[in-house]
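Colleague: I have not worked with this structure before. Could you take me through its main features?

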Amino acid sequence: MLSKKATIHAIEVMGELFPEAECELIHKNPFELLIAVVLSAQCTDALVNRVTPALFEKYQTPEDYLSVSVEELEQDIRSIGLFRSKAKNIQKLSQSLIDNYDGEVPKTRDELVELAGVGRKTANVVTSVAFGVPAIAVDTHVERVSKRLGICRWKDNVKIVEETLMKKLPEDVWSDAHHRLIFFGRYHCKAQSPQCPTCPLVDECREGKKRMKERLIG
């Protein structure tokens, strides 16, 4: 398991590799970000970004999403996975925003997770990116990289991964660490073909050392 010091170092190295790491979902305000993150569940940011320009031009407020049938909204996001359930959730959360928050996106994670289609990861992204609240959202990239490096254990669930990262990293780097882990996992430490031979963290990575040893034996 990586120590606090080693974990901080790993995040710093990721920052050197990807100094531009930030949220890649295109949005102009907290509401657009909320919709984009809901759409991104089990889907790539790149695909969401192809759909949202037209979507955000047509729908700009919670009321707009409720002014059409769910079938029409489904057609507008049809190219995105799970589009039927996402369309229903978008209309439900839009109604909740109108009923409970004067049409505005709430700023706390506890309030956000009460909205349809919003889990802990989505809430953490919105509070961090839209409102500047330190948070670490654990998606597939963050979980994979954290386990490969040995920041946490293979058996840990996403909540434990989040809590472990929060314990090992200073609060003021949580949000940057989240984006760096995503970029590192998306573009370097990929699920199918991690770039271990050229990785600056390979000597500290339990998975990387194992893979390199297997390459030598093979």
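Modeller: What follows covers an annotated region, two helices, a pocket, a cavity and a few single residues. Please keep in mind that this is a predicted model.

Colleague: Understood. Which residues does the "domain: HhH-GPD" annotation cover?

Modeller: The UniProt record, an unreviewed entry, places that annotation on residues 39–187. Over residues 39–187 the chain is 65% helix and 0% strand. The C-alpha atoms at the two ends of this stretch are 21 Å apart.

Colleague: Let us take one helix. What span should α6 have, and what does the model give?

Modeller: Helix α6 runs over residues 83–101, which makes 19 residues. At 1.5 Å a residue it should span 27 Å, and its end C-alpha atoms are 25 Å apart, which agrees.

Colleague: And which of the α6 residues are buried?

Modeller: The buried ones are Phe83, Lys86, Ala87, Ile90, Gln91, Leu93, Ser94 and Leu97. Seen down the axis of α6, the buried residues fall within an arc of 165°, so they line one face of the helix. On the other side of α6, Lys92, Asp99 and Asn100 are exposed.

Colleague: Why would buried positions in a helix recur every three or four places?

Modeller: An α-helix has 3.6 residues a turn, so residues three or four places apart point the same way.

Colleague: What comes after α6?

Modeller: Asp102 sits in the loop between α6 and α7, the latter covering residues 109–112. Asp102 has a positive phi of about 55° although it is not a glycine. With a relative accessible area of 74%, Asp102 is exposed.

Colleague: Where else is phi positive in a residue other than glycine?

Modeller: Gln42 is one such residue, with phi near 55°. Gln42 belongs to the loop between α2 and α3, and its relative accessibility of 76% makes it count as exposed. As background, most residues other than glycine have a negative phi.

Colleague: Now for the pockets. What is the volume of the largest pocket?

Modeller: Its volume is about 630 Å³. The lining of this pocket has 29 residues, and Ser40, Cys43, Asp45, Lys121 and Asp139 are the closest to its centre. The elements giving two or more residues to the lining are α2 (30–39), α3 (45–58), α8 (120–131), α9 and α11 (174–187).

Colleague: Which element gives the largest share of that lining?

Modeller: That is α11, with six residues. By class, the pocket lining has twelve nonpolar, ten polar and seven charged residues.

Colleague: Tell me about α11, then. Is it mostly covered or mostly open?

Modeller: Helix α11 is mostly covered, as ten of its 14 residues are buried. Among them are Trp174, His178, His179, Phe183 and Phe184. From its first C-alpha to its last, α11 reaches 20 Å, close to the 20 Å expected at 1.5 Å a residue.

Colleague: You mentioned Lys121. How far is Lys121 from Lys159?

Modeller: The two are 38 residues apart in sequence and 9.4 Å apart in space, C-alpha to C-alpha. Lys159 is part of helix α10, residues 158–168. With 39% relative accessibility, Lys159 counts as partly exposed.

Colleague: Changing topic: how many cavities of 30 Å³ or more does the structure hold?

Modeller: It holds one. The space in this largest cavity is about 110 Å³. Its lining has 15 residues, of which Cys189, Cys196, Cys199, Cys205 and Gly208 lie nearest the centre.

Colleague: Which helix gives the most to that lining?

Modeller: Helix α12 does, with three residues. Both α9 (140–149) and α12 (206–217) supply at least two residues each. The cavity lining divides into nine nonpolar, three polar and three charged residues.

Colleague: What does the UniProt record say about those cysteines?

Modeller: The unreviewed entry places the feature "binding site" at Cys189, Cys196, Cys199 and Cys205. Although spread over 17 residues of sequence, these positions cluster in space, with a largest C-alpha distance of 11.0 Å. The lining of the largest cavity takes in Cys189, Cys196, Cys199 and Cys205 from this set.

Colleague: Is Cys196 buried or exposed?

Modeller: Cys196 counts as buried, at 11% relative accessibility; the cut-off for buried is under 20%. Cys196 is located in the loop between α11 and α12.

Definitions and conventions
Residues are numbered from 1 along each chain as its sequence is written. This is a predicted model: local features need pLDDT of at least 70, side-chain atom pairs count only at pLDDT 80 or more; totals for chains, interfaces and linings use all residues. Side-chain values use heavy atoms; hydrogens and water are left out. On a 1 Å grid over the protein atoms alone, a cavity is a set of points where a 1.4 Å probe fits but cannot get out, and a pocket is an open set with protein on both sides within 12 Å along at least five of seven lines; lining residues have an atom within 4 Å of a point. Grid points are joined across faces, edges and corners, and a volume is the space filled by probe spheres set on the points. Helices (H or I, at least four residues) and strands (E, at least two) are DSSP runs, numbered from the N terminus. Ala, Val, Leu, Ile, Met, Phe, Trp, Tyr, Cys and Pro count as nonpolar, Asp, Glu, Lys and Arg as charged, and the others, Gly among them, as polar. UniProt positions are given in the numbering used here, feature names are shortened, and annotations may be inferred rather than shown by experiment. The expected span of a helix is 1.5 Å times one less than its number of residues. Buried means under 20% relative accessible area, exposed over 50%, partly exposed in between (1.4 Å probe, protein chains only). The arc is that of the directions from the helix axis to the C-beta atoms.
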